[in-house]
Amino acid sequence: MGFRAHILGAAAGGGLPQWNCGCENCRLARQGSIPAQTQSSLAVTGNGEDWAILNASPDIRHQLTDCAALHPSGLREVPLKSVLVTNGDIDHVAGLLTLREMQPFDLFATAGIHQILAQNPIFAALNEKVVTRKTVTLGVPFRLAPGLWADLFPVPGKVPLYLEGETVETDLVGEQTVGVHLTGGGGEALYIPGCAMLNDDLRARLNGAPLVFFDGTLWRDDEMVRAGLGEKTGKRMGHISMSGPDGSIAAFAGLDVGKKIYVHMNNTNPVLNPASPERAEAEAAGWIIGQDGMEITP
């Protein structure tokens, strides 16, 4: 088998249901009325045997248990060859601590993200004699795993919440938030789990892509404010919303993109309910709503 992508987790930070949330989606998920979702992570392979994980969520132990392709074949023989983190957000790096069991793999990130990890001594639990830290330069392709190549590119975004200062820039373009261009095994995909807006460079990169996994955090910009669950808008959090004239559905409408799959959806997002009108609207626009366990091939 060639290129395959397996969604380990389709939700944003907190998952669905979020432990302390009583919103409609979380209530329905606890009842089993809509699918529960774990936190953002994607597994990819170029040859069907060797795998890489993009973003290590806090739910990674359960995700690895639920994905048979990533199970050990012997005492310590695992198909996981590398982990790549696209930013320093807690829901993308906290799972690294679960992978501290003296298991060899490569840890890829930009210099800026590696610096964030190095400044927190708890990540020293990943023994550097076993887990090889590899710094990636934007725009320079590298082998992510046997049969699988990656190329990182900047995406408008912001620094992690725990590094914010008094002034917050939500549309920074640099190493703090990146997308991934994956190739191998006859397949090609773009993975962009966090994005504040589509600038001209990103539009050009997306146009013609056969498969895109894209940030689906919120349906509307003031979603959490309306629900009484927070004071921040999607723009303030560095995420483009799905709906509206400035949303991703409208932004993608003029682009030639094959499969479009939303990932990294907040627990409040109504598209997580298969019966919602928002879900129907997104699907009518050609979008697939990502779900834990979903496998995609070219």
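Ala111 belongs to helix H4, which spans residues 111-119, helices being DSSP runs of H or I of at least four residues, numbered from the N terminus. With a relative accessible area of 39%, Ala111 is partly exposed, a class that lies between buried (under 20% relative accessible area) and exposed (over 50%), as computed with a 1.4 Å probe on protein chains only. The C-alpha atoms of Ala111 and Val136 are separated by 6.9 Å, although the two residues are 25 apart along the chain. The model is predicted, and local features therefore need pLDDT of at least 70 and side-chain atom pairs count only at pLDDT 80 or more, whereas totals for chains, interfaces and linings use all residues. Residues are numbered from 1 along each chain as its sequence is written, and side-chain values use heavy atoms, with hydrogens and water left out.

In helix H1 (residues 24-31), the buried residues are Asn25, Cys26, Leu28 and Ala29. Seen down the axis of H1, these buried residues fall within an arc of 165°, so they line one face of the helix, the arc being that of the directions from the helix axis to the C-beta atoms. The exposed residues Glu24 and Gln31 are carried on the face of H1 turned away from its buried side, and Gly32, just after H1, takes a positive phi of about 85°.

The largest nonpolar core comprises 60 residues, of which Val44, Leu144, Leu198, Leu206, Phe213, Phe214 and Phe252 touch the most other members; such a core is a set of buried Ala, Val, Leu, Ile, Met, Phe, Trp, Tyr and Cys residues joined through side-chain atoms within 4.5 Å. A second, separate core of 23 residues includes Ala43, Ile53, Ala56 and Ile113.

The second largest pocket holds about 440 Å³ of space, where a pocket is an open set of points, on a 1 Å grid over the protein atoms alone, with protein on both sides within 12 Å along at least five of seven lines, and lining residues have an atom within 4 Å of a point. Among the 15 residues that line the second largest pocket, Leu64, Pro72, Val78, Leu99 and Gln103 are the closest to its centre. Helix H2 (residues 60-66) gives the most to this lining, with three residues.

One cavity of 30 Å³ or more was counted, a cavity being a set of grid points where a 1.4 Å probe fits but cannot get out. The largest cavity has a volume of about 40 Å³, and its lining residues include Pro35, Leu272, Arg279 and Ile289.

Terms used. Helices (H or I, at least four residues) and strands (E, at least two) are DSSP runs, numbered from the N terminus. Grid points are joined across faces, edges and corners, and a volume is the space filled by probe spheres set on the points.
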